[in-house]
Structure formats: C-alpha cells, structure tokens
Amino acid sequence: MTQFVPFIGKTDYFNSNPRLPLWQLIPPPVLPLSWLLSLNINPGLIPPFRIIPDCGVWSYKNLKIPRIGNNLVTPLWAIKQYQKRAKPGDIVIAIDHLLMGINNEERREFNRQSSQQFLKLSKLYLPQCYPMAVIHGIGISQKLQELKRLYHLGYRYFAVGGLLSNSHNQHQLLGIVEIIKNHLSDNCYLHILGVSNYQLAGKFGQLAINSHDSSTWIKEAFLGYYYHWKNNKLNKLKLSSINLPSCSCTACSFLGVQLLSRREYKLKLAAHNLIQNLLAYGEYQCREKPLSLL
Ligand SMILES: [Zn+2]
C-alpha cells in the first residue's frame, strides 16, 4: 500500500508537560509510519517512526549557491545534520537544487556532484540508513537520463522532485510518475515529493508508488480550512470563527475541553485535518480502478 508521509514542522506539539506531539493524536489504524523533516527547520520533537529528512530545497531555491542560514548546503554538512536526527532504517535524501529556468546548467552540475558525494558519505557516516536521490530534469527524457545515472551510481531509493509546476495538470503529472515507475526495477523505492491530495493518493496507490508527502494539511489548517470525511466524501470549508464544528475524531475528542493558545487551536485543526485526509487516502486507494495512462 502506498504510504502518505506527513511533513513535521518546528512546533507541532501542544505545550503540556511533557509536550504532546501531534502524532499522538492520530488513531493507530491510520497513523502514518513515516514522517518527513527538512533541514531548514529544527523540529522541537522528532517522531519515533521512520523519518525521511530532506535538505529543504524550497528554502534556497532562488539562491545561486545553496545555503541555509550561515551554512553552505554541502553533502557533508547535510550528512552531519542527518546524523543528529536519523536512526537505523530511516531514508536520508541527497542534497539537490531545483531546476528553475535560471542557471540550470550550474544547478545540474551541483546535483551531479552532490549525488555522487552524498552516496559515498552516507555509506560512511549513516551506513544503516537508506540514501535517496531526487530525480530532476526538464521534461521526461531528462528525468529518465537522470534516473539512469543515479541508478548506475548505486542509488535504489528515488524521489521525484520539482513536480509542483505540473500540479495543475494531474493527468500530465501522473503520466510522468507512471513512466518513471515503469523504468524502475522491482528492488527500487519511489517517493513523490511535495505533491499530494486524496485523488492523487488513489492514483499513486494504483501505480504502486511507495510513498508521497505533503504539508498542505497543516498549511491549510493555519489558513483556517477545515476538512470533514463523511459519507465517503472529503469536504473542505473555510472556517469563519475560532470554534471548530463538533467532531468525534481522536484529536477533537482529546483536546475538546482544553484551553488552547491560538497556535495550539490551529494545531488541533491540523491534527483533525490530517486524520480526515488519512481516512480519505485509505478509502480512495481501495476505490480506484487500475490505472494506465500510457
Ligand atoms: Zn475532529
């Protein structure tokens, strides 16, 4: 089954003593087994599940030379940061740079060199983790070339990045994902970075994609959006007041009568939204028919 990997941020916990992390409000039947972290954010709590840390490429996408705070983003620097967070079995993502239409040749060269160095260093410093490379490329033929190069380097865990520009056209996006999946051997793992919704989750399931992630559920909660899974339908509405509609999910029931700060109220809404989305993801995966766009 395709896993949904929620993004965990800096302060995704409630200020009780001890801190109550958001993931403790998710009921076990839908609790995600993996969580995504980014190096540009220092999380207050690390989830006790598999983590997939990445380099937070969006935070430096406009910089010619990748930098986070005062640090140059290099394979060795990233590995040292990952060592503080990762445990055996986690998936660590090689540093990369987005192809944005400017300085693309330098960015490609950065990706080429980084992927080589990262693989060597991860074997040395994080031998019990799985190094994952991000496939970048303008158009499908460049992406397939890059996949071939990364496979020959020795990677078996891959992520497809830079698909946000295709997110307005889901048919096109799924076509790219399907072609890449068909070029992978059975011993490879494929993750889709940063594009996800419940319809896509069903299609990713049919394509046997291993995992996909999103931070939309938490961003939308902080913008006041409320999800509700009812009668096999996921409804979304914009809340006009601070009071949440009555709900019996584990997040709402557990935190229903507690006095929450404004941040915690948004976090409660995020936990509620995540549960509703996870229920929908599970249902859509079962419902979708086999898919072939080729
Ligand atoms: Zn709820």
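In this predicted model, L267 is buried, with 26 other C-beta atoms within 10 Å. A residue counts as buried if 20 or more other C-beta atoms lie within 10 Å of its own, so L267 falls in that class. The residue is part of helix α8. When its neighbours within four places in sequence are left aside, L267 is in contact with D12, F14 and L22. E283 lies 16 residues from L267 in sequence, and the two are 24 Å apart in space, C-alpha to C-alpha.

Helix α8, which spans residues 262–287, gives the most to the largest nonpolar core, with 11 residues. This core has 75 residues, and the members that touch the most others are M132, I135, F158, V177 and A270. With neighbours within four places in sequence left aside, A270 is in contact with L22, W217, I218 and A221. L22 thus appears among the contacts of A270 and among those of L267. In soluble globular proteins, nonpolar side chains tend to be buried together.

The model also contains an open sheet of 6 strands, in the order β1-β12-β11-β10-β9-β8, with parallel pairing. Its edges are β1 (3–6) and β8 (91–93); each has a single partner strand, so one side of each is left without a neighbour in the sheet. On average, neighbouring strands of this sheet are turned by 30° against each other, direction ignored. Strands of a sheet pair through backbone hydrogen bonds, either parallel or antiparallel.

Two of the pairings can be described by residue. Strand β10 (residues 157–160) runs parallel to β11 and is joined to it by 4 bridges. In this pairing, Y157 stands opposite Y189 in β11. Strand β11 (residues 189–192) is in turn joined by 2 bridges to strand β12 (residues 211–214), and these strands also run parallel. Here H191 is found opposite S211 in β12.

Helix α5 (residues 198–206) is mostly covered, as 7 of its 9 residues are buried. The buried residues are Y198, L200, A201, G202, K203, F204 and G205. After α5 comes A208, which has a positive phi, near 60°.

A helix pair was examined next. Helix α1 (residues 75–85) packs against helix α2 (residues 104–125) at an angle of about 35°, and the axes are 9 Å apart. The crossing of α1 past α2 is right-handed. On the α1 side, the contact involves P75, L76, I79 and Q83, which meet S114, Q117, F118, L121, S122 and Y125 in α2. The residues of this contact comprise 6 nonpolar and 4 polar, with no charged.

Several backbone features occur in loops. The peptide bond from N17 to P18 is cis, with omega near 0°, and P18 is found in the loop between β2 (13–14) and β3 (20–21). The loop between β13 (225–230) and β14 (233–238) contains N231, and N232 is also placed between β13 and β14. N231 is not a glycine, yet its phi is positive, about 50°. N232, likewise not a glycine, has a positive phi of about 60°. Since a residue counts as exposed if 12 or fewer other C-beta atoms lie within 10 Å, N231 is exposed with 5 C-beta neighbours inside 10 Å. N232 is exposed as well, with 10 other C-beta atoms within 10 Å.

Conventions. Residues numbered from 1 in each chain as written. Predicted model: local features only at pLDDT ≥ 70, side-chain atom pairs only at ≥ 80, totals over all residues. Pairing = 2+ DSSP bridges. Axes fitted to C-alpha atoms, helices over the stretch in contact; angles between N-to-C directions. Left-handed = near helix turned anticlockwise from the far one by under 90°. Contact = placed C-beta atoms within 7 Å. Nonpolar A, V, L, I, M, F, W, Y, C, P; charged D, E, K, R; others polar. Core = buried A, V, L, I, M, F, W, Y, C linked by C-beta atoms within 7 Å.
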